[in-house]
Amino acid sequence: MRMFLILVGILFVSTCSKENLNEQHEVYLSNKGWEIKELFEIETDILDIPDEMLSNYEASGITFLSEYLGEEVTQHSYELKEEDVEGKRLKAVVFEAEGEIIGDYGVFPSWDPGIFNLDDK
């Protein structure tokens, strides 16, 4: 009986995390060659990035952010199934404004700054 409850709990947790995924984001990232493992954070804020950080993003090929400075955006952060060379899962951040996807970037957890353009798989 205890094993059954543990199994049901595991299935419930995995089902809940799968239900929380945004289907549009799954298709969007899949079209770029990435597969979502799980959603781990959603944040809505006014986009405010210092010039130095913005330059770092732009140097990595992430150029959409400057167009949305001062606007409310929602960031959906996902852990991907893909891993870096050290075996750590890559992350993807998908940005939306007014319910529309406006851009994204990836994160190498082992690197600093570790941001990259998800189109450069």
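This tour moves through the charged side chains and the paired strands of a predicted model.

**Stop one: the linked charges around Lys32**

Begin by selecting Lys32, Asp104 and Asp119, which are linked in a network of salt bridges. Lys32 lies in the loop between α2 (23-31) and β1, whereas Asp104 belongs to strand β4 (residues 100-107), and the two are 72 residues apart, so that is a link between distant parts of the chain. Their side chains meet in a salt bridge, with N to O at 3.0 Å, and both Lys32 and Asp104 are buried.

Now keep Lys32 in view and add Asp119, with which Lys32 forms a second contact of this kind, a salt bridge whose closest N and O atoms are 2.5 Å apart. Asp119 sits in the segment after β5 (115-116), 87 residues from Lys32, and here too the pair links distant parts of the chain. Asp119 has a relative accessible area of 51% and therefore counts as exposed, the cut-off being over 50%.

**Stop two: Arg89 and Glu83**

Next select Arg89 together with Glu83, which form a salt bridge in which the closest N and O atoms are 3.9 Å apart. Arg89 is partly exposed, with a relative accessible area of 26%, and Glu83, at 45% relative accessibility, is likewise counted as partly exposed. Across the whole structure, a search finds 5 salt bridges.

**Stop three: the strands β3, β4 and β5**

Display strand β3 (residues 89-97) beside β4, and follow the 7 bridges that join these antiparallel strands. To find your place along the pairing, select Ala92, whose bridge partner in β4 is Gly106. Then go to the hairpin of β3 and β4, where 2 residues lie between the strands and Glu98 takes a positive phi near 55 degrees.

From β4, continue to β5, which runs antiparallel to β4 and is joined to it by 2 bridges. Selecting Val107 here will bring you to Ile115 in β5, which stands opposite.

**Stop four: the negative patch**

Finally, show the surface and select Glu41, Glu43, Asp45 and Glu72, which form a negative surface patch. Which strand gives the most to the negative patch? Strand β1 (residues 36-46) does, with 3 residues. Glu72, by contrast, has its place in strand β2 (residues 72-83), and with a relative accessible area of 54% Glu72 is exposed.

Terms used. Residues are numbered from 1 along each chain as its sequence is written. This is a predicted model: local features need pLDDT of at least 70, side-chain atom pairs count only at pLDDT 80 or more; totals for chains, interfaces and linings use all residues. Side-chain values use heavy atoms; hydrogens and water are left out. Patches are made of residues with over 30% relative accessible area and no salt bridge: like charges are joined within 9 Å, nonpolar side chains (Val, Leu, Ile, Met, Phe, Trp, Tyr) within 5 Å. Accessible areas come from the Shrake-Rupley method with a 1.4 Å probe; for residues, only the protein chains shown count as cover. A salt bridge is a side-chain nitrogen of Lys or Arg within 4 Å of a carboxyl oxygen of Asp or Glu. Lys and Arg count as positive and Asp and Glu as negative; His and the chain ends are not counted. The place of a charge is taken as NZ of Lys, CZ of Arg, CG of Asp or CD of Glu. Helices (H or I, at least four residues) and strands (E, at least two) are DSSP runs, numbered from the N terminus. Buried means under 20% relative accessible area, exposed over 50%, partly exposed in between (1.4 Å probe, protein chains only). Two strands pair if DSSP finds at least two bridges between them.
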